[in-house]
Structures are given as structure tokens and as C-alpha cells.
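I'm opening a fresh page for this structure and jotting down what I look up as I go. Pockets come before helices today.

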Amino acid sequence: MQEEPPLIAFEINYENFVEYAADGLLLPLDGLNESNQFKAVEVFSEKAYNAFSYRGRQYGFPESFSTVVLFYNKELFDKKGVEYPSPDWSWIDEFNAAVKLTDKEKGIWGVYQPIQFWEYYKVIAQNGGAIFNSENEVTVNNIAGVNALKWLIDKPKYGIMPSEEEAAGLSSEDLFVMGKLAMVHTGIWMFNKFREETRFEWDIEVEPGMSTKATHYFANAVVASASTPHKEAVWKWLKFLTTDEYSVKTRIEKGWELPAVKDPDLISEFLKSDVAPRNKKAIFDSLEWAIVPPVVKGWSALADVVNKEIDAAKFGMKSPEEALNDLVVLLKNKISE
């Protein structure tokens, strides 16, 4: 039986990176950077690069990043005479605009924001809170956390966001394409779909905050197996995939996520292009407020626990306070396992 070749290089997302690094499965890149005189911190976005370090060592080159922004239908705003979203919008501004833009008779809602963990960790930060504080203590059930959860789950109650029944199985992105949503919180990975399928003008803005702003930051890296026998060759391959001009421009043209490089010349063509959205600057402005999800070893199981309690509050089985109090106990138990 032929032996399978060793896994040499692969892509990994930020959420799973810690698992692999903690188990010693990834090749450290610091020594190779030094021997090749590669000053990575001058090449990559600092936030993207640092996301893939663990206990003082670098294990990946950031390949791409994406953020979540506020998409809006300019035609619906114009019809209702509502001013477009601006960088200084708060939750209150978004709510007031959504009320004006909602037209139930025509089946149009003001806004859609997913009610799940990947929104909640960011929304609690916008309200000045966190799931874990700097001492890694569970703080999700404080006033900032409770109000953040209420902000998410109350939108359908106020009639500005469709309930699951009203959405009738359609995704928020499909509803936006159909002209049924004035605003939607979603990722820049939707650019191609919206460019191809919408029949109206749309644009983007940095998401509103409350006590501060916070935006999603998702990142992918290319890494190498710690057991690879081809360390120098695989290092060159990782560097090519993430920094070569051809690789960078190909990624931009495909429009999925953006390369995590600093060179303004490589990004300038993207910023100046005529294709929607017009306000591409908002993508990079959002990086100022970007936060990463609270990732610890075994986080996928913890994320399931968070979603379970969010659903309990969403469907009225528990009050937000009860759900978050229960979540604190569950998180503490999971972490101690």
C-alpha cells in the first residue's frame, strides 16, 4: 500500500489556528524569516500578522482578511428621504433610520442583523463589554452584555427586521438582493453576489457602535506542518502565496477576501475601481475598530454553548438575563474541563 505524502502546507482560519499551534502541529516561521532577511512586519498588516502568533512565535503568513460592514440600498433610502449611513452612526441612528425605512405593506424591512455568536461577540464589544475580560474571566452577563443581547433579539419585536417566519426561509442576503431590506449587516465576501444580482444602487459603511465601535475581523493564513522535510521550500511557497504581486492582484480580482499586505500600490487599483461599492474606503476604515473572536483551545465547543443560550433568549425560552447567567456557568464549566 502506497504511503500518503506528508501534509506540507495548508490554509487555516484564525478560529482554528490556536488548536493547531497549541498542539505543536505548525512550523515556526521566525527563524526562516530571519535567515531570509524577510521583514514580515513591514509587509503585512500588523493586525493580520499578529493574529497568527502564539506564545511569542509566528506560525503563519496572513493570506487574506475580511470584515463585516453595513450594506444599504440607496434606492430605498432615497424614496423615504432618509440620509445615508455615516461613519459616526450609533445604534440609535441605525434604529431610527430602520423605523423610517420599514414598509410592511410592501414587505420591506429596515434592517437585518444575524442573531448568533458571530454577531454577539462584536455587538457586546460595541457596547463596551466582552465575553471574557483581560484576565480571561467570563463577564458576558454584565449590563453591557445584557443590553447587547437585547439589541440583537429585539429588532423583530419592533418590526424593523423580519422574523424567521417572515423571512420564509430566505437568507438576509437574498432579501437584500430582492430589495426587501434597506440595510443588512454582512461580510465583504458578498460583494460579487450583490454586484451580479442587484438591480439597484447600494453602498457600504462602517457598522454603527454604541459606547465605541467594533467590527468583525476574520483572517486566513497559510501555514506549514511542523513535520515537513522541506522547510525552506515551503517557506518560499507561503511567502509567494501571500506577498507576490500576482497572487495579491488575483485575490483582489476574484473579490472574495482581501490580501493582508500593507503596500498601498497593490490596493490602490481596488480602491479606485468603479465597481460597487463606491465607499471601499470603509473596508479599511473598519480595520481601526476590528476585533477578533475570543478564541481559546476548544473554542468551537464553547461557541456552540454561546449560540444555544442566545437561541434560548431569541425564542423567548429565557430572558436575556437568565440566558447570560446560565451561559456564565456553562462557559466556566467548559473552560475547567
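**Entry 1: the largest pocket.** I began with open space, and the largest pocket comes out at about 440 Å³ in volume. I'm reminding myself here that this is a predicted model. I counted 26 residues around the pocket, and Y112, P114, I115, M161 and K314 are the ones nearest its centre. Which elements give two or more residues to the lining? I found α7, α9 (164-167), α10 (172-177) and β6 (183-187). Sorted by class, the pocket lining has 13 nonpolar, seven polar and six charged residues.

**Entry 2: enclosed space.** Next I wanted cavities. A probe the size of a water molecule, rolled over the atoms, shows where empty space is left. How many cavities of 30 Å³ or more does the whole structure hold? My search turned up one. I noted a volume of about 30 Å³ for the largest cavity. Around the largest cavity I wrote down W91, E94, Q113, Q126, W151, H185, E207 and P208. That lining splits into three nonpolar, three polar and two charged residues.

**Entry 3: α6 against α8.** Two of the cavity names, W91 and W151, came up again when I turned to helices: W91 belongs to the α6 side of a contact and W151 to the α8 side. For a packed pair, I need the angle between the axes and the distance between them. Helix α6 covers residues 91-101, and I get an angle of about 20° between α6 and α8, with the axes 13 Å apart. That angle is why I call α6 roughly parallel to α8. I logged the crossing of α6 and α8 as left-handed. On the α6 side the contact uses W91, E94 and F95, and on the α8 side N147, A148 and W151. I sorted the residues of this contact into four nonpolar, one polar and one charged.

**Entry 4: α7 against α8.** I stayed with α8, residues 143-153, and looked at its packing with α7, residues 117-126. Here the angle is about 125° and the axes lie 9 Å apart. So I have α7 and α8 down as oblique to each other. The crossing of α7 and α8 is right-handed. Which residues meet? From α7 I listed E119, Y120, V123 and I124; from α8 I listed A144, G145, V146, A148, L149, W151 and L152. By class, the contact of α7 with α8 has nine nonpolar residues, one polar and one charged. I underlined A148 and W151, since both names are in this contact and also in the one with α6.

**Entry 5: α12 against α13.** Further along the chain, I checked α12 (residues 231-243) with α13 (residues 245-254). I read an angle of about 45° and an axis separation of 5 Å. Are α12 and α13 parallel or oblique to each other? At that angle, they are therefore oblique. The α12 residues in the contact are F240, L241, T242 and T243, while α13 brings E245, S247 and V248. I make that three nonpolar, three polar and one charged by class.

**Entry 6: a look at P87.** Where does P87 sit? I found P87 in the loop between α5 (74-80) and α6. Its C-alpha atom is 7.3 Å from that of P208, although the two prolines are 121 residues apart along the chain. P208 was already in my notes as one of the residues lining the largest cavity. Setting aside neighbours within four places in sequence, I have P87 in contact with E205 and K213.

**Entry 7: backbone oddments.** Last, I went through the backbone. I flagged the peptide bond from A276 to P277 as cis, with omega near 0°. P277 is in the loop between α14 (264-272) and α15 (281-286). I also flagged R55, which is not a glycine yet has a positive phi of about 50°. I placed R55 in the loop between β2 (53-54) and β3 (57-58).

How values were computed
Residues numbered from 1 in each chain as written. Predicted model: local features only at pLDDT ≥ 70, side-chain atom pairs only at ≥ 80, totals over all residues. Heavy atoms only, no water. Axes fitted to C-alpha atoms, helices over the stretch in contact; angles between N-to-C directions. Helix = DSSP H or I, 4+ residues; strand = E, 2+ residues; numbered from the N terminus. Parallel < 35°, antiparallel > 145°, perpendicular 65-115°, else oblique. Left-handed = near helix turned anticlockwise from the far one by under 90°. Contact = heavy atoms within 4.5 Å. Nonpolar A, V, L, I, M, F, W, Y, C, P; charged D, E, K, R; others polar. 1 Å grid on protein atoms, 1.4 Å probe; cavity = no way out; pocket = protein on both sides within 12 Å on 5 of 7 lines; lining within 4 Å. Points joined across faces, edges and corners; volume = space filled by probe spheres on them.
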